[in-house]
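Please open the model in a viewer and keep the sequence panel visible. The tour below proceeds by selection, with a note on what is found at each stop.

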Amino acid sequence: MESYDIIIIGAGPAGLTAGIYAGRQGTKTLILDKGIAGGAGLEVPSMENYPGYELIAGMSLIAKTKKQTEKNAEIRELEGVETIEKVNNGFEVKTSKNSYFGKSIIISTGTKHRLLKVPGEEEYKGRGVCYCATCDGLLYKDKNVLMIGGGNSAVQEAIFLNNLGCNVTLVHRRDKLRAENYLQNKLKEKKIPVIWNSTVKEIKGTQMVESVVLSDDEGNTQEIKTQGIFIAIGDFPLSQVAKDLGVKVDDYNQVITDKTQRTSMENVYAAGDVTGGVKQWIVSCGEGAVAATYAFQDLENIKTD
């Protein structure tokens, strides 16, 4: 079984940053991810609030970060972690391909998209139902699409779809958006229409999505013809591997950490969206850096005990 000082679970912004910091401190570090490096970061169409870049796409920033991380840590993509077990002096991490020993674990598994859970959503996934404007937006150029949600992600992606040439309408369940003001202002500048106080009740079609049934807060319904529906209504933490290990989570299944990113279990740390808090790219990076720093310090303290 190959042995590492630090094993990082998840290669999103938090995990990649943790890899940079861990490796630069001289530790042998492994990063494992069930997909490809980047996680939800790959879906961010553009950012204007990441220091050093006036405007950068998520894919571009991930590519730069991954390249830097590979100089300091080993990244193994498409190798999902199935279990983590506490053993003497560390942890055994079993993946879909192998088993590894790690003295410390950093959990940065991120989140997963929330579903609408309405008739037609599952049936039309990939046939008009989408969760990533960056991934699928070009397929809907010059077509009518709905963007569901009212937070930063939904508004960012609505603007992105508009820029691609999609005829996009935003649908929000309340009468006020949760997105940051600068995004709301851009939405108005682009003259993207908003349907307020409405939720999706059903997605209809034959081979592909053809219409969506909306219901307002007074119970009135309307059926809108559309060729695509993009869903951005939040996410939930991918914390099951932490829970199975015995790490404490809160009522929302978010991994509980202190200011040093330590969890309830010794030598286990967590960083990024899986911990809740302010879900911003730079926050995830900061937490990854903190987790790796204290993981290294704790390993050093073990050596001197």
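Begin by selecting Pro13, Ala14, Gly15, Leu16, Thr17, Ala18, Gly19, Ile20, Ala22 and Gly23, which are the buried residues of α1. The model on display is predicted.

**Helix α1 and its surroundings**

Extend the selection to the whole of helix α1, residues 13-24. The helix is mostly covered, with ten of its twelve residues buried. From the first C-alpha to the last it reaches 17 Å, close to the 16 Å expected at 1.5 Å a residue. To see what covers the buried residues of α1, display β1 (2-9), β2 (29-32), α2 (58-69), β3 (74-76), β6 (99-107) and α7, which are among the covering elements. Just after α1, select Gly26, where phi is positive at about 95°.

**Helix α4**

Move next to helix α4, residues 152-164. Its 13 residues should span 18 Å at 1.5 Å a residue, and the end C-alpha atoms are indeed 18 Å apart, so the expected and modelled spans agree. Colour Ala154, Val155, Gln156, Glu157, Ala158, Ile159, Phe160, Leu161 and Leu164 to mark the buried residues of α4. The elements that cover these residues include α3 (133-136), β9 (144-148), β10 (167-171), α5 (181-189) and β15 (228-231). Just after α4, Gly165 adopts a positive phi of about 105°.

**The cysteines**

How many disulfides does a search of the whole structure find? The search finds one. Select Cys132 and Cys135, which are joined by this disulfide with an S to S distance of 2.2 Å. The link of Cys132 and Cys135 is right-handed, with 75° about the S-S bond. Are the two partners buried or exposed? Cys132 has a relative accessible area of 5% and is therefore buried, whereas Cys135, at 48% relative accessibility, counts as partly exposed.

Cys166 is in no disulfide, and the nearest cysteine sulfur, that of Cys130, is 9.8 Å away. Cys166 is buried, with a relative accessible area of 3%. Cys285 is likewise in no disulfide; the nearest cysteine sulfur to Cys285 belongs to Cys132, 19 Å away. With a relative accessible area of 11%, Cys285 is buried.

**Two loop residues with positive phi**

Select Lys117, in the loop between β7 (111-113) and β8 (129-130). Lys117 has a positive phi of about 60° although it is not a glycine. Its relative accessible area is 74%, so Lys117 is exposed.

Then select Asn253, in the loop between α6 (240-245) and β17 (268-270). Phi of Asn253 is near 65°, again a positive value in a residue other than glycine. Asn253 is partly exposed, with a relative accessible area of 33%.

**The second largest pocket**

For the last stop, display the second largest pocket, which holds about 260 Å³ of space. Of the 14 residues that line it, select Asn89, Lys103, Asn267, Leu299 and Ile302, the closest to the centre of the pocket. Which element gives the largest share of the lining? Helix α7 (residues 281-304) does, with five residues. By class, the lining has three nonpolar, five polar and six charged residues. With α7 still selected, return to α1, since α7 is among the elements that cover the buried residues of that helix.

Technical notes
Residues are numbered from 1 along each chain as its sequence is written. This is a predicted model: local features need pLDDT of at least 70, side-chain atom pairs count only at pLDDT 80 or more; totals for chains, interfaces and linings use all residues. Side-chain values use heavy atoms; hydrogens and water are left out. On a 1 Å grid over the protein atoms alone, a cavity is a set of points where a 1.4 Å probe fits but cannot get out, and a pocket is an open set with protein on both sides within 12 Å along at least five of seven lines; lining residues have an atom within 4 Å of a point. Grid points are joined across faces, edges and corners, and a volume is the space filled by probe spheres set on the points. Helices (H or I, at least four residues) and strands (E, at least two) are DSSP runs, numbered from the N terminus. Ala, Val, Leu, Ile, Met, Phe, Trp, Tyr, Cys and Pro count as nonpolar, Asp, Glu, Lys and Arg as charged, and the others, Gly among them, as polar. The expected span of a helix is 1.5 Å times one less than its number of residues. Buried means under 20% relative accessible area, exposed over 50%, partly exposed in between (1.4 Å probe, protein chains only). Contact means heavy atoms within 4.5 Å. A disulfide is a pair of cysteine sulfur atoms within 2.5 Å.
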